[in-house]
Every structure is written in C-alpha cells, then in structure tokens.
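Colleague: I would like a close look at a single part of this model, with enough of the surroundings to place that part in the fold.

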Amino acid sequence: LSMKKLNERGVSAVEFALILPVLVLILFGIVEFGLILYNQQVITNASREGARAGILFASTRPTEQEIKDVVANYTSDHLVTFQNGTSSNPTVPTGPCTAFGSNLTVTVTYQYTFLMLDNLGFTGPNLTASTTMRCE
C-alpha cells in the first residue's frame, strides 16, 4: 500500500462516527412526529365517537360520564403512549344532550409524552380535538 492509502485508512470510520448522531436524531424526529400525528388523529376520532354516542336518541339520554367512558375506552385502545397510566382527558363542556336540536360538544385533550426527549427535560405538545354534533 502506498503511503497515501495508509494515511486515509480510518477516515471513513471517523466520518461515520461524526454523522451517526445526526442521522439518529433525524430518525427519532421522524418517528416522534409520526406518532404525534397518529395520536392527534386518535383523539379526533375519540371526540367523534364520544359525540356520536352522546347525541343518539334513546329512552334515556347518555350521561356526561357515559360519554367520557366512550372516549376513554377508545383512547385506551388506540393511543400510542410511552408511559404507564397516561390517558386522555375528555370533557363535555356543554353538558349532555338535553333537547332535540341542541348542540353537544366533546373536547378531548392529551399530553403527548416523547419517547426520548422527555428524558432530557422536554415536554410533549398538548394535543386537543373538539367535535360538535346536533342532538337527535
């Protein structure tokens, strides 16, 4: 081997060692962003499910707690979380349906927890979804 080849022998390993942390950060950023979008869609669907359950006409209207249970069941089955005990916080700010034609609003909030950044002191975004439907 020539002298030039001997001097360049470990260059690619050093370049890889310098680039690897950046590539890992980009990879984790893509994963985290995808999970945030997925969880946003889940809480949007959960608010729709809760509103739909709340507006259905029955002999007795669903209570606020029954609507919250529908949302909690949906989110517990579908949310991707990294901490045990993390759940959504459904609210029914206008109360359950009281009369035909009135509006029912179900709002779901969820504090997203990062996979890696929580260990560094960062907090995830507060995701919110709201659905309003007319009572049947």
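How many disulfides does the count come to, and where in the chain does the link sit?

Modeller: The model is predicted, and every value below is computed from it. By the sulfur-distance rule the count comes to one disulfide. Cys-97 and Cys-135 form this link, with their sulfur atoms 1.8 Å apart, which lies within the 2.5 Å cut-off. The angle about the S-S bond is -85°, and the link of Cys-97 and Cys-135 is accordingly left-handed. The pair joins distant parts of the chain, since Cys-97 lies in the loop between β1 (89-91) and β2 (103-111), whereas Cys-135 belongs to the segment after β3 (126-134), 38 residues apart. Both Cys-97 and Cys-135 are buried.

To place the link, it helps to set out the fold around it. The secondary structure of the chain comes to three helices and three strands, and from the N terminus on the elements run α-α-α-β-β-β. β1 and β2 run antiparallel and are joined by three bridges, while β2 and β3 pair in the antiparallel sense over nine bridges. Within the second of these pairings, Val-106 stands opposite Thr-131 in β3.

On the side of β1, Pro-90 is a useful residue to follow. Pro-90 is found in strand β1, and its bridge partner in β2 is Val-108. Pro-90 has a relative accessibility of 11% and therefore counts as buried, the cut-off being under 20%. Leaving aside residues up to four places away in sequence, Pro-90 touches Lys-68, Val-71, Thr-107 and Val-108. The C-alpha atoms of Pro-90 and Thr-75, which are 15 residues apart along the chain, are separated by 9.8 Å.

The strands also contribute to the interior. The largest nonpolar core has 21 residues, and those with the most contacts inside it are Ile-43, Leu-104, Val-106, Tyr-110, Tyr-112 and Leu-127. The elements that give two or more residues to this core are α2 (11-55), α3 (64-78), β2 and β3, and α2 gives the most, with seven residues. Ile-43 shows how such contacts are arranged: apart from residues up to four places away in sequence, Ile-43 touches Leu-79, Val-108, Tyr-110, Leu-127, Thr-128 and Ala-129. Val-108 thus appears among the contacts of Ile-43 and also among those of Pro-90.

Tyr-112, one of the core residues with the most contacts, also takes part in ring packing. The structure holds one aromatic pair, and this pair is formed by Tyr-112 and Phe-114, with 5.6 Å centre to centre and 85° between the planes, an edge-to-face arrangement. Tyr-112 has a relative accessible area of 1% and is therefore buried, and Phe-114 is buried as well, with a relative accessible area of 13%.

Taken over the whole chain, buried residues make up 28% of the 136 residues. Among contacts between residues at least 6 apart in sequence, 64% join residues at least 24 apart. The accessible surface of the chain comes to about 8,800 Å², of which 62% belongs to carbon and sulfur atoms. To return to the part you asked about, the disulfide of Cys-97 and Cys-135 links the loop between β1 and β2 to the segment after β3.

Conventions
Residues numbered from 1 in each chain as written. Predicted model: local features only at pLDDT ≥ 70, side-chain atom pairs only at ≥ 80, totals over all residues. Heavy atoms only, no water. Phe/Tyr/Trp six-rings, centres within 6.5 Å; stacked < 30°, edge-to-face > 60°. Buried < 20%, exposed > 50% of the residue type's maximum accessible area, 1.4 Å probe, protein only. Helix = DSSP H or I, 4+ residues; strand = E, 2+ residues; numbered from the N terminus. Core = buried A, V, L, I, M, F, W, Y, C linked by side-chain atoms within 4.5 Å. Contact = heavy atoms within 4.5 Å. Pairing = 2+ DSSP bridges. Areas by Shrake-Rupley, 256 points an atom, 1.4 Å probe, with all protein chains shown as cover.
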